[in-house]
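The following exercises concern a single protein model with a bound ligand. Each task is followed by a worked solution.

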Amino acid sequence: MRFDDHRVVITAAGRDFGRTLAIHFADLGAEVFLSARTLAGAERVRDEIRGRGHERVHAFACDLTDPSSIREFATGVARHTDRVDVLINNGSRYLSGPDLLSASDADVVDTLASGGTGTVLTVKNFLPLLLNSPKPDIVTMISACGTPGHHRSDAHDAFYAAKTAQTGFTEILSKRLRPRGVRVISLYPPDFTNPDPLSEDWDKTPRGPKDPLTAQSLVDCILFAVSQPRDCFIKSFHFEQV
Ligand SMILES: NC(=O)c1ccc[n+]([C@@H]2O[C@H](COP(=O)([O-])OP(=O)(O)OC[C@H]3O[C@@H](n4cnc5c(N)ncnc54)[C@H](OP(=O)(O)O)[C@@H]3O)[C@@H](O)[C@H]2O)c1
């Protein structure tokens, strides 16, 4: 599976799963446009990827709670390319604590803004570039918390609300963008193990039937979904919890 002809945008790729995706897509030949909340964070991952011999990687700052920052990210990407093939909405602040009263108002605002508003505005700003692609895909890392009736996470209610906002948004987007050739692919994972893809743990993480879901399997799901022929519109991935 190669992605030499793909231009991929990834939000919140300064660490954890976003970084993992950036490293994998670059290793498979894609041109990667990655953002992190700080430019320094994005440049760190860009340099890591360049150190692996991939020059077609670009770093941007993008704070998903700040509409002007999202606009500048899209404008910056447009200076390098007239099309984007895959947009991955990976960024979303996590907030823990099952007690509604445990979080400050500022934390609630920030959590909803990064996951909810930030996702809507990122798609809005990148849609013109996606529509220039012959094979556009929008991939969103939601969460089991975005599934109706889910209650097994210790995440804060505001995180549930942010993930549910992503669910509502991607559901309608999927219907409305299908006629325009854009696939909207959403993942609803429960907590997953997130080893460093450049460490030995990546190949050693247990992946048996009694083990929790791994970042490795989520990368495999995303690569599989975006590499299918266009008639195969995989709309969502749901996972049974252990
Ligand atoms: N890990 C899990 O078990 C799990 C389970 C289900 C779903 N998910 C979802 O999968 C995605 C990736 O998960 P993860 O575990 O890698 O996330 P994570 O470790 O919680 O990291 C969150 C990422 O979001 C970024 N972020 C937070 N606020 C932001 C903002 N205002 N603007 C831009 N970026 C912001 C962080 O950037 P900084 O480095 O600047 O803080 C970080 O890169 C998230 O959407 C998460 O909700 C994760």
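**Exercise 1.** Which helix gives the most to the shell around the ligand, and with how many residues?

*Solution.* The model is predicted: local features require pLDDT of at least 70, side-chain atom pairs count only at pLDDT 80 or more, and totals for chains, interfaces and linings use all residues. Residues are numbered from 1 along each chain as its sequence is written.

Step 1. Helices (H or I, at least four residues) and strands (E, at least two) are DSSP runs numbered from the N terminus. The largest contribution to the shell is that of helix H1 (residues 16-27), with three residues.

Step 2. A residue belongs near the ligand if its C-beta atom, placed from the backbone, lies within 6 Å of it. Of the 25 residues around the ligand, Ala12, Asp16, Phe17, Arg37 and Ser92 come nearest.

Step 3. By class, the shell holds nine nonpolar residues (Ala, Val, Leu, Ile, Met, Phe, Trp, Tyr, Cys and Pro), six charged (Asp, Glu, Lys and Arg) and 10 polar (the others, Gly among them).

**Exercise 2.** Describe the span and burial of helix H1.

*Solution.* Step 1. From first C-alpha to last, the 12 residues of H1 reach 17 Å, close to the 16 Å expected at 1.5 Å a residue (1.5 Å times one less than the number of residues).

Step 2. A residue is buried if 20 or more other C-beta atoms, placed from the backbone, lie within 10 Å of its own, exposed if 12 or fewer, and partly exposed in between. H1 is mostly covered, as 10 of its 12 residues are buried; among them are Phe17, Arg19 and His24.

Step 3. After H1 comes glycine 29, with a positive phi near 100°.

**Exercise 3.** Which residues of the largest nonpolar core touch the most other members?

*Solution.* Step 1. Such a core is a set of buried Ala, Val, Leu, Ile, Met, Phe, Trp, Tyr and Cys residues joined through C-beta atoms within 7 Å. In the largest, of 63 residues, Val9, Ile10, Ala13, Ala22, Val32, Leu34 and Leu87 touch the most other members.

Step 2. Beyond its neighbours within four places in sequence, leucine 34 has contacts (C-beta atoms within 7 Å) that include Ile10, Ala13, Ala22 and Val57.

**Exercise 4.** Where is phenylalanine 169 found, and is this residue buried or exposed?

*Solution.* Step 1. Phenylalanine 169 is found in helix H5 (residues 157-177).

Step 2. Phenylalanine 169 is buried because 20 other C-beta atoms lie within 10 Å.

Step 3. Outside its neighbours within four places in sequence, phenylalanine 169 is in contact with Thr119 and Val120.

Conventions. Two residues are in contact if their C-beta atoms, placed from the backbone, lie within 7 Å.
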